[in-house]
Amino acid sequence: MTITENKPDTRPTLTPQRGGLLADRAFSWWTLGTGLLVLAILALILVTTVKEAWPAFTEMGLRYVTEDTWDPNPGTGEAVFGALAFMYGTAISSLIALLIAVPVSVGIALFITELAHRRLRGTAVTVIDLLAAVPSVVFGLWGILVLAPKLVPFYQWLHDVFGGVPVLGSVFGEAASGRNFMTAGLILAIMVTPIITSICREVFGTVPQADKDAALALGATRWEMIRGAVFPHSFGGIVGAVMLGLGRAMGETIAVALVIGGATNISANVFEPGNTMAAVIVQQFGESTGTFTAALIGLGVVLFAMTVAINLTAQAIVRRAEARMRGGVA
């Protein structure tokens with residue numbers, strides 16, 4: 001004789017159909033609302049900043065983005081607010097940062113995901129995360145007190161080597177001090193490397209193992225496997241990581257303000273001092289009034305517009321590249 005125990009039924013049960021539909025509908029409306037809320041906040045920020053900057057836009061007109069003179073307190077005449085020099089400084093320092101950070105970040109991400117031993121991966125990820133947690137002012141102080149003075153002899157060596165070469169001679173000119181576009185770019189590269197590395201590492205981790213095993217089984221070397229299986233699958237994510245790092249570089253304030261030199265300057269020489277839009281805002285906002293304040297807020301509007309334009313361009317590039325990879329028409 002067998003005795004059966006009455007055990008409670010622990011199997012999951014489906015909710016009633018009506019309740020499930022209501023929950024799905026509520027979740028759908030909630031996600032839609034949160035998405036629209038983000039767009040509404042961005043729109044309000046844009047409208048508010050444009051409204052505050054309108055006096056400067058009205059006074060300067062198109063010259064606000066074509067004039068390279070920034071003189072809020074002239075001895076005689078009226079003030080001139082031209083953002084072109086700061087737009088140039090933002091672009092050149094961010095470009096230097098990406099040229100240095102992107103290869104390093106992608107290499108670190110590939111090392112962690114494809115080459116590093118399992119025990120070493122955790123240590124490497126921790127170090128990268130700690131680097132991302134360092135405050136920007138610490139990078140700025142280290143840059144101005146330690147890095148900038150030590151880089152001057154190296155900058156001078158580059159000038160001595162490339163000074164007589166066409167084009168490169170104008171890029172690597174005389175270095176009067178260590179506070180310049182190049183130093184700002186180096187500091188920004190260190191700051192954006194953890195961001196780009198972390199995102200690339202996550203993207204590389206989504207590549208199907210079967211694709212990599214198939215490439216290796218066909219006789220591909222490890223580099224050929226990475227080039228043929230990992231990069232095509234991860235292209236969109238890599239571009240997204242670069243764009244996020246670029247946004248961080250373009251919007252950085254304190255660290256750049258400390259090491260870039262604070263000059264209103266447009267020059268091909270990366271060893272000359274300059275300024276960026278974000279840095280000049282933090283440097284001069286406390287002493288500004290009236291139209292001067294509006295002009296500084298206008299720099300924020302221009303920076304926002306540049307960021308949006310760059311991201312839209314990157315999305316278009318990703319769409320065309322992915323279409324080509326799939327064999328479609330771009």
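Where is glycine 89 found: in which helix? That residue makes a good way in, so here are my notes, point by point.

1. Glycine 89 sits in helix α3. Please keep in mind that this is a predicted model. With a relative accessible area of 0%, glycine 89 is buried, because anything under 20% counts as such. Setting aside residues up to four places away in sequence, glycine 89 touches Phe181, Asn275 and Thr276. As a longer-range reference, the C-alpha atoms of glycine 89 and valine 242 are separated by 19 Å, and the two are 153 residues apart along the chain.

2. Now for the overall build. The protein has twelve helices and two strands. If you walk along the sequence, the pattern reads α-α-β-β-α-α-α-α-α-α-α-α-α-α, with both strands coming after α2 and before α3.

3. On overall dimensions, the radius of gyration of the protein is 26 Å, whereas a compact globule of 330 residues would have one near 20 Å. The C-alpha trace spans about 110 × 55 × 45 Å along the principal axes. You may like to hold these two results side by side when you look at the model.

4. A few words on packing and surface. Of the 330 residues, 37% count as buried. Taking contacts between residues at least 6 apart in sequence, 73% join residues at least 24 apart. The accessible surface comes to about 18,900 Å², and carbon and sulfur atoms account for 66% of it.

5. For the charges, there are 20 positive and 21 negative ones. Their mean positions lie 13 Å apart, which may be of interest if you work with electrostatics.

6. The largest nonpolar core has 73 residues, and within it Tyr64 and Leu299 have the most contacts. The elements giving two or more residues to this core are α1 (17-60), α3 (84-115), α5 (136-162), α7 (181-204), α9 (222-251), α10 (254-259), α11 (277-284) and α12 (291-325). Helix α12 gives the largest share, twelve residues.

7. Leucine 299 deserves a look of its own. Not counting residues up to four places away in sequence, leucine 299 touches Tyr64, Trp70, Ala83, Phe86, Met277, Val280 and Ile281. Among these partners is Tyr64, the other residue named for having the most contacts inside the core.

8. Which residue other than glycine has a positive phi, near 70°? Valine 167 does. As a reminder, most residues other than glycine have a negative phi. Valine 167 lies in the loop between α5 and α6 (168-171). Valine 167 is exposed, with a relative accessible area of 62%, because the cut-off for that class is over 50%.

9. Histidine 233 lies in helix α9. Is this histidine 233 buried or partly exposed? At 39% relative accessibility, histidine 233 counts as partly exposed, because that value falls between the 20% and 50% limits. Leaving out residues up to four places away in sequence, histidine 233 touches Thr206, Val207 and Pro208. The C-alpha atoms of histidine 233 and valine 203 are 8.7 Å apart in space, and the two residues are 30 apart in sequence.

10. My last residue is glutamine 283, in helix α11. Glutamine 283 is partly exposed, with a relative accessible area of 32%. Apart from its neighbours within four places in sequence, glutamine 283 is in contact with Ala257, Gly262 and Asn275. Glycine 262 is 21 residues from glutamine 283 in sequence, and their C-alpha atoms are 8.5 Å apart. Asn275 also appeared in the first point, as one of the residues that glycine 89 touches.

Technical notes
Residues are numbered from 1 along each chain as its sequence is written. This is a predicted model: local features need pLDDT of at least 70, side-chain atom pairs count only at pLDDT 80 or more; totals for chains, interfaces and linings use all residues. Side-chain values use heavy atoms; hydrogens and water are left out. Helices (H or I, at least four residues) and strands (E, at least two) are DSSP runs, numbered from the N terminus. The radius of gyration is taken over C-alpha atoms; the globule rule is 2.2 Å times the number of residues to the power 0.38. Buried means under 20% relative accessible area, exposed over 50%, partly exposed in between (1.4 Å probe, protein chains only). Contact means heavy atoms within 4.5 Å. Accessible areas come from the Shrake-Rupley method with a 1.4 Å probe; for residues, only the protein chains shown count as cover. Lys and Arg count as positive and Asp and Glu as negative; His and the chain ends are not counted. The place of a charge is taken as NZ of Lys, CZ of Arg, CG of Asp or CD of Glu. A nonpolar core is a set of buried Ala, Val, Leu, Ile, Met, Phe, Trp, Tyr and Cys residues joined through side-chain atoms within 4.5 Å.
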